[in-house]
Amino acid sequence: METHTAQASAHPNIAFIKYWGNRNDALRIPANDSLSMTLGGLTTTTNVTFDAELASDEFLLDGKEPGAAARERVAAHLDLMRLETGETRFARVESMNSFPAGAGIASSASAFAALTIAAASAADVQFDPRTLSRLARRGSGSAARSILGGYVQLHAADEDEFSYAESIAPREHWRLIDLIAVVDRTHKQTGSTRGHQTASSSPLQTARVADAGRRLEACRTAITARDFAHLAHVAEQDSNMMHAVMLTSSPPLLYWAPASLSVMRRVNELRQDGLDVFYSVDAGPNVHCLCTPDAAREVLSALGQVPGVAEILHAETGAPPTCT
Ligand code: PMV
């Protein structure tokens with residue numbers, strides 16, 4: 001049987017309206033719709049080869065064998081891809097991140113988007129973007145959004161079939177910059193898979209989910225109109241609401257470091273001074289600072305002076321994945 005290596009490259013994304021908690025943990029069907037911007041400039045590139053000579057799946061991440069948990073998660077996703085494509089052979093998977101490994105930048109979105117696309121291509125099966133998004137979601141919820149470029153909405157649903165991402169605007173619609181203030185490079189203690197499972201233990205989660213439709217519409221409207229002030233307001237509110245849920249879950253999750261708070265405060269000061277910038281924080285301590293290209297220089301220099309900021313990564317509205 002012929003073997004060929006497929007290579008896919010995908011970007012991570014930053015959600016302005018975040019998903020936290022699942023309707024179905026096993027299928028990773030999210031509790032609420034989410035909306036993100038794909039992050040060009042940060043890339044995961046993954047090679048997949050199905051090979052009849054292999055006795056099990058092999059996985060290298062940045063040239064090294066990762067721990068058992070990561071290997072099992074990749075093998076489980078390959079099982080799903082085999083089921084969906086009819087492929088029966090084991091796979092050799094090599095994945096490389098262009099951004100520093102363990103910088104606390106969520107790489108599961110770009111990782112499972114690239115793996116899904118490369119595995120389908122290596123199995124010689126053409127799926128439409130909707131199917132690819134739905135399958136990527138099973139590896140990591142946010143990966144469903146990294147199947148597309150620009151601005152992307154992931155639909156929550158009661159059934160697997162209807163929970164996939166769609167484009168709401170291409171990259172060319174509005175160029176925004178994401179300056180990611182890295183305040184801690186160590187691996188997070190509680191990963192998002194575990195976090196999603198505890199979300200419903202917070203008494204605030206019901207209110208967060210109930211209001212998600214309003215926030216999503218406000219965010220969509222702001223993006224369509226390229227209205228930075230309204231986008232800043234709703235995205236910061238959404239990030240704060242997710243962290244309010246995290247803080248009030250059992251057990252509580254506190255992802256911020258002291259320097260995370262310093263960056264958030266500085267971002268708010270800069271906006272009061274008239275700069276177009278807002279923050280958004282995922283399940284980790286690093287702070288995404290979103291700004292217009294015009295504001296980027298000043299924001300970069302201000303962030304560089306905040307004590308505790310170790311590094312600033314640069315990303316911007318990005319393109320869809322590629323595959324060869
Ligand atoms: O894709 P996951 O399971 O890592 O969950 C992503 C969760 C957040 O990044 C915190 C929010 C989001 O919607 O991206």
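**Entry 1: Placing Ser140**

Helices and strands are DSSP runs, numbered from the N terminus, a helix having at least four residues and a strand at least two. With that in hand I looked up Ser140 in this predicted model, and I found Ser140 in the loop between helix 3 and strand 9. Is Ser140 buried or exposed? I noted a relative accessible area of 5% for Ser140, and because buried means under 20%, Ser140 counts as buried. I then looked for a partner within the protein, and I found that the side chains of Ser140 and Ser108 make a polar contact at 3.0 Å.

**Entry 2: The ligand**

I turned next to the ligand, and I asked which residues of the shell are the closest to it. The shell holds 14 residues, and the closest are Tyr19, Ser140, Ser142, Arg145 and Ser192. I sorted the residues of this shell by kind, which gave five nonpolar, six polar and three charged.

I then went through the oxygen atoms of the ligand and wrote down these distances to the protein:

- For Ser140, a polar side-chain atom lies 2.8 Å from an oxygen atom of the ligand.
- For His196, an N or O atom in the side chain is 3.0 Å from an oxygen atom of the ligand.
- For Gly141, a backbone N or O atom lies 3.4 Å from an oxygen atom of the ligand.

I also looked up how much of the ligand is covered: on its own the ligand has 380 Å² of accessible area, and the protein covers 95% of that. Why can I say that the ligand lies between the two domains? Both domain 1 (3-172) and domain 2 (173-317) give residues to the shell, so the ligand lies between them.

**Entry 3: Salt bridges**

Before going on I reminded myself that side chains of opposite charge can pair when their charged atoms come close. How many salt bridges does a search of the whole structure find? The search finds 18, and I followed up some of these pairs.

I began with Asp160 and Arg137, which form a salt bridge whose closest N and O atoms are 2.6 Å apart. The pair links distant parts of the chain, since Asp160 is in the loop between strand 9 (151-154) and strand 10 (165-169), while Arg137 is in helix 3 (residues 129-139), 23 residues apart. I noted both Asp160 and Arg137 as buried.

I next took Glu316 and Arg175, where the closest N and O atoms of the salt bridge are 2.8 Å apart. Glu316 lies in strand 14 (residues 311-317) and Arg175 in the loop between strand 10 and strand 11 (177-182), so this pair ties together parts that are 141 residues apart in sequence. Glu316 is partly exposed at 22% relative accessibility, and Arg175 is also partly exposed, with a relative accessible area of 43%. I added here that salt bridges with shared partners join Asp211, Arg214, Arg215 and Asp238 into one network.

The last pair I followed was Glu172 with Arg171, a salt bridge with its closest N and O atoms 3.9 Å apart. Glu172 has a relative accessible area of 62% and is therefore exposed, whereas Arg171, at 39%, is partly exposed.

**Entry 4: Arg89**

Finally I looked up Arg89, which lies in the loop between helix 1 (68-85) and strand 8 (90-97). Its relative accessible area is 9%, so I entered Arg89 as buried. I also wrote down that the side chain of Arg89 makes a polar contact with the side chain of Glu87, at 2.7 Å.

Terms used. Residues numbered from 1 in each chain as written. Predicted model: local features only at pLDDT ≥ 70, side-chain atom pairs only at ≥ 80, totals over all residues. Heavy atoms only, no water. Salt bridge = Lys/Arg side-chain N within 4 Å of Asp/Glu carboxyl O. Buried < 20%, exposed > 50% of the residue type's maximum accessible area, 1.4 Å probe, protein only. Near = heavy atom within 4 Å. Polar contact = N/O pair within 3.5 Å; in protein donor to acceptor, adjacent residues only side chain to side chain. Areas by Shrake-Rupley, 256 points an atom, 1.4 Å probe, with all protein chains shown as cover. Nonpolar A, V, L, I, M, F, W, Y, C, P; charged D, E, K, R; others polar. Domains from an automatic or database assignment.
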